[in-house]
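Student: Please take a close look at one part of this model for me. I want the surface where protein meets DNA.

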Protein chains: 2
Amino acid sequence: MAPAEHQSEDTILKAAHKVFLSRGYHGTRMQEIADEAGINKALLHYYFRSKDKIFEAIFLSSFKNFLPQILEILDSDEPFEKKINTFFSKYLDLLIKHPHIPNFIMHEVAHNPEHLQSFFKKHFESKPSKFLRQIKEEMDAGRIEKQDPKQILVSMLALAIFPFAAKPILQIVLEMSEDDFKSFIQERKKFLPEFVMRSLRKI
Amino acid sequence: MAPAEHQSEDTILKAAHKVFLSRGYHGTRMQEIADEAGINKALLHYYFRSKDKIFEAIFLSSFKNFLPQILEILDSDEPFEKKINTFFSKYLDLLIKHPHIPNFIMHEVAHNPEHLQSFFKKHFESKPSKFLRQIKEEMDAGRIEKQDPKQILVSMLALAIFPFAAKPILQIVLEMSEDDFKSFIQERKKFLPEFVMRSLRKI
DNA sequence: AAATCATTTAACCATTTAGTTAATTTCAAA
DNA sequence: TTTGAAATTAACTAAATGGTTAAATGATTT
C-alpha cells in the first residue's frame with residue numbers, strides 16, 4: 001500500500017498503532033511498522049526520532065481522549081442510578097471502539113510505572129472524588145447498602161474492563177468465537193447496570 | 001551470587017521466573033536470566049534448549065498448581081452460596097500469595113496472545129462447565145435471577161482478579177499506600193461474596 | 001528554469017541477542 | 001588415582017534490529 005500523498009505522519013501513526021497493539025512494545029519491529037505503512041523505514045525516524053517517541057505519541061493520543069470521557073461521566077450531575085447506567089453504557093462503547101487501551105495501559109504499568117504516575121499527575125489531576133462522595137450520599141440517604149465506596153468503584157471498573165483485558169483467555173476458556181464475544185459484550189451492557197444496582201439497592 | 005551446587009536447574013527456573021515476570025517474554029534477555037541466576041548463559045541452553053522452553057517450563061509450573069485449584073473450587077459439590085464464598089476466599093488468598101500471576105498472564109495476553117492461546121489449548125482443556133451448569137440449576141429452582149451464566153462467571157473472575165492486575169493504577173487514582181492496598185484486599189474478601197450474592201439472589 | 005526546501009529511499013552501521021562450540025572443571029565411580 | 005561423564009565456561013557466530021547517512025526525488029518559490 002502506497003502512502004497517501006503527504007500524509008505520511010498520520011499513515012505512520014495509524015500503522016504503528018496497529019502493530020504496537022498486536023505485538024506489544026518489545027514485539028514490535030520498526031520494519032513492520034514501515035511495511036504496514038507502505039513506506040521506507042528511515043521515514044519513521046524522519047518523522048519521529050525513535051521507536052520510543054512513536055509509542056509515546058500513540059499512547060498519549062489514545063489516552064488523552066479516553067480517560068477524560070470516563071471522568072466526565074463519573075463526575076457528572078446525573079442521579080445515581082441513571083449514572084450507573086450511563087457509565088456502563090458509555091464505557092463499554094468506548095472499550096468496544098478502543099479495545100486495545102487496557103492492554104496499552106498494562107504495558108505502561110509493567111514497563112514504566114513511574115512514568116505512568118507522572119503522566120497521570122501531569123494530564124489528569126482530577127479524581128473520581130465526586131462519584132465517591134455521591135455514593136456516600138446515597139448511603140446516608142438510605143437508598144443503598146452501606147459499603148466502602150472504593151470497593152464499589154473498583155468493582156465497577158473491574159466488571160467493565162476485565163473482559164477486554166482478558167479477552168483471549170476468556171475466548172478459550174468459554175469457547176467463544178469472535179462473534180460470540182461481540183454479542184457477549186453487547187449483552188453485558190444490559191447485564192452490568194442491573195447486576196450492580198441489584199447488589200447496591202437497599203431492600 | 002554463585003549457584004548452589006548442582007541446583008542449577010532450579011536456580012535457573014527461579015531466576016527466569018523473576019525476569020519473565022518483570023519484563024515479559026519479548027522483553028526478557030537470556031543474559032539477564034543468566035545474570036540473575038549467577039551462571040553462564042550457555043548453561044541455560046544446556047538445561048533448557050531454548051528461551052521458549054524455559055518460558056514454557058515456568059508458565060506451566062506456575063499454572064499447574066494455580067488453575068486447578070480454582071477449577072476444583074468451581075467444580076466442587078458445595079451448595080451454590082457456600083461455593084461463592086469459598087471461591088472468593090480461596091481465590092483472593094491465592095492471589096495474595098501469588099500477586100504476580102495476573103500480571104504475568106496479562107502481559108502475555110497483551111503482547112503474545114497467540115502464544116498464550118496455543119499454550120492454554122495444549123495444557124488445560126478442562127472448563128468450569130460444572131459451575132455453569134450449577135448456576136443454571138439455581139435459576140431453574142428459582143433461587144437466583146435468570147441471567148447468562150457466562151456473564152456471572154466472568155464477573156466473578158473480574159471482581160477477584162482486576163484489582164491485582166491494575167494495582168499500580170488503582171494506587172495512584174485512589175491514593176492508596178501499600179498498606180492501604182493490603183487492607184483493601186482483605187476487606188474485599190468479605191465484600192465480594194455479599195456483593196455477588198445480593199445481586200443474584202431472588203427477592 | 002534555477003534554486004531551495006521538504007520528503008523519501010537504498011545502502012549502511014553498530015549493537016544486541018539467541019544460540020553454538022570447543023575447551024575446562026567437577027566429581028563420583030572404578 | 002585414574003577415568004569418564006556431567007556441569008560449566010569463554011569465546012564465538014549468524015541473524016535481527018534500531019538507527020544513520022548521503023543521495024535522489026518531488027514540490028514550491030523566485
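Tutor: The side chain of B:His45 places an N or O atom 3.4 Å from a phosphate oxygen of DNA strand C. That is a polar contact (a pair of N or O atoms within 3.5 Å; within protein, one must be able to donate a hydrogen and the other to accept it, and residues adjacent in sequence count only if both atoms are side-chain atoms). The backbone takes part too. A polar backbone atom of B:Lys51 lies 2.8 Å from a phosphate oxygen of strand C. In chain A, a backbone N or O atom of A:Asn40 is 2.9 Å from a phosphate oxygen of strand C. Two elements give two or more residues each to this surface: helix H3 (41-47) of chain A and helix H3 (41-47) of chain B. Helices are DSSP runs (H or I, at least four residues), numbered from the N terminus. H3(A) gives the largest share, 4 residues.

This is a predicted model: local features need pLDDT of at least 70, side-chain atom pairs count only at pLDDT 80 or more, and totals for chains, interfaces and linings use all residues. Residues are numbered from 1 along each chain as its sequence is written, chains are lettered from A and ligands numbered from 1 in the order in which they are written, and side-chain values use heavy atoms, without hydrogens and water.

Now the whole surface. Strand C has 16 residues around it, and A:Ser8, A:Tyr47, B:Arg29, B:Lys41 and B:Lys51 come nearest. A residue counts as near if one of its heavy atoms lies within 4 Å. The surface divides into 7 nonpolar, 6 polar and 3 charged residues. Of the strand C atoms within 4 Å of the protein, 57% belong to sugar or phosphate, and the rest to bases.

Conventions
Nonpolar A, V, L, I, M, F, W, Y, C, P; charged D, E, K, R; others polar.
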